[in-house]
Amino acid sequence: MLVLNCSTKLLTLEKMLKIHFPESLKVYGAVMNINRGNPFQKEVVVDSWPDFKAVMTRRQKEAETDNLDHYTNAYAVFYKDVSAYRQLLEEPDLVNWNQVFQIQGLQSEIYDVSKAVADSKQLSVKLTSFRAIYHSPLSPLPDTSSLMGSSPRLTYLSVADADLLNRTWSRGGNKQCLRYIMNLISCFPSVCVRDDRGNPVSWSLTDQFATMCHSYTLPEHRRKGYSKLVNLTLVKKLQSQGFPSQGNVRDDNMASINLLKHCHVEFLPCRFHRLILTPATFSGQISL
């Protein structure tokens, strides 16, 4: 395996990954963030260069880590040859198998290959699969006419809002998620609507793979158009910075699916797969 540290090679990889949309979107987003300051301390590993068959992004080895923090300990994968992905995964120094971590990707064999290797190392694997979405550059501009006054107002999140986001996120409610959300807010674009007291009532933010995530509106503020406004505003913000505006949604979340349809998103033919891998040592100690 090779760790790509050369800025020229990383920019070349970014262009190469774009050819393989949409399956490469997760890795592409991570590589874009690396090439634009690397705020999340990630790095890229390939099986070979320049004719790679598998590529993964991971946290830099020197980055501070929490073995229970599967939010931050996250890998993205894209492969042209699934056997090359398995060979890469089996490399002795690629993955830290002694901590809880995630693997994300948009290719169907990711689960079976990852589980086979994880089983050999006695890690449990939890798979969650979502519909993957993509906003085209032709997405309509958001209507901000209702927010021209001082309240409610359209703005962005701050780290002071992280506790609220942690409490309202279905994946949250723990200290690892709180820290992760604070890092996301500090590093990546976000959008929110605030009420007359300055509190967020609707929001969306961006994760380490340049994916729109945790889009949420407080129940008492729903059906006011805030969710669509926040969603499209973040889309435009990402697109203005050259990022693909991508996301995912659970199959049973019909309210969000209907909203996304009104935002004219493209529902991709591939699905988003998130695997959480847990060593036996930490079984029962984490919230999945």
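## Salt bridges

A salt bridge is counted where a side-chain nitrogen of Lys or Arg lies within 4 Å of a carboxyl oxygen of Asp or Glu. In this predicted model, the side chains of aspartate 251 and arginine 271 satisfy that condition, with a distance of 2.5 Å from N to O. Aspartate 251 belongs to the loop between strand E11 (245-249) and helix H8 (254-262), and arginine 271 belongs to strand E12 (residues 266-279), so this salt bridge ties together parts that are 20 residues apart in sequence. Aspartate 251 is partly exposed, at a relative accessible area of 39%. Arginine 271 also counts as partly exposed, at 28% relative accessibility.

Across the whole structure, the search finds 11 salt bridges. Side chains of opposite charge can pair when their charged atoms come close.

## A network around arginine 179

Which residues are joined into one network by salt bridges that share partners? They are Asp66, Asp69 and Arg179. In one of these pairs, the side chains of aspartate 66 and arginine 179 meet at 2.9 Å, N to O. Aspartate 66 is placed in the loop between strand E3 (54-59) and strand E4 (74-79), while arginine 179 is placed in helix H6 (residues 175-187); the pair therefore ties together parts that are 113 residues apart in sequence.

Arginine 179 also meets aspartate 69 in a salt bridge, at 3.6 Å from N to O. Because arginine 179 lies in helix H6 and aspartate 69 in the loop between E3 and E4, this pair ties together parts that are 110 residues apart in sequence. Arginine 179 is partly exposed, with a relative accessible area of 34%, whereas aspartate 69 counts as buried at 3% relative accessibility.

## The largest pocket

The largest pocket has a volume of about 1,400 Å³. Its lining consists of 50 residues, and those nearest the centre of the pocket are Ser215, Tyr216, Val249, Asn253 and Ser256. By residue type, the lining divides into 17 nonpolar, 23 polar and 10 charged residues.

Several elements contribute to the lining of this pocket. At least two residues each come from strand E5 (101-105), strand E6 (123-135), strand E9 (200-206), strand E10 (212-217), helix H7 (226-240), E11, H8 and E12. In terms of domains, the lining of the largest pocket takes at least three residues from domain 1 (2-131 + 272-282) and at least three from domain 2 (145-269).

## The annotated C-terminal region

An unreviewed UniProt entry lists residues 192-279 as "domain: Glycine N-acyltransferase C-terminal". In the model, this span is 27% helix and 40% strand. The C-alpha atoms at the two ends of residues 192-279 lie 37 Å apart.

## Backbone features

Two peptide bonds that lead into proline are described here. The bond from phenylalanine 21 to proline 22 is cis, with omega near 0 degrees. Proline 22 sits in the loop between helix H1 (7-18) and helix H2 (25-35). The bond from tryptophan 49 to proline 50 is likewise cis, with omega near 5 degrees, and proline 50 sits in the loop between strand E2 (42-46) and E3.

Positive phi values occur at glutamine 41 and histidine 214, neither of which is glycine. For glutamine 41, phi is near 55 degrees. This residue is in the loop between H2 and E2 and is partly exposed, with a relative accessible area of 32%. For histidine 214, phi is near 45 degrees. Histidine 214 is found in strand E10, and at 8% relative accessibility it counts as buried, because buried means under 20% relative accessible area.

## Valine 77

Is valine 77 buried or exposed? With a relative accessibility of 1%, valine 77 counts as buried. Valine 77 is in strand E4. From valine 77 to valine 100, the separation is 23 residues in sequence and 17 Å in space, taken from C-alpha to C-alpha.

How values were computed
Residues are numbered from 1 along each chain as its sequence is written. This is a predicted model: local features need pLDDT of at least 70, side-chain atom pairs count only at pLDDT 80 or more; totals for chains, interfaces and linings use all residues. Side-chain values use heavy atoms; hydrogens and water are left out. Helices (H or I, at least four residues) and strands (E, at least two) are DSSP runs, numbered from the N terminus. Buried means under 20% relative accessible area, exposed over 50%, partly exposed in between (1.4 Å probe, protein chains only). UniProt positions are given in the numbering used here, feature names are shortened, and annotations may be inferred rather than shown by experiment. On a 1 Å grid over the protein atoms alone, a cavity is a set of points where a 1.4 Å probe fits but cannot get out, and a pocket is an open set with protein on both sides within 12 Å along at least five of seven lines; lining residues have an atom within 4 Å of a point. Grid points are joined across faces, edges and corners, and a volume is the space filled by probe spheres set on the points. Ala, Val, Leu, Ile, Met, Phe, Trp, Tyr, Cys and Pro count as nonpolar, Asp, Glu, Lys and Arg as charged, and the others, Gly among them, as polar. Domain bounds come from an automatic or database domain assignment.
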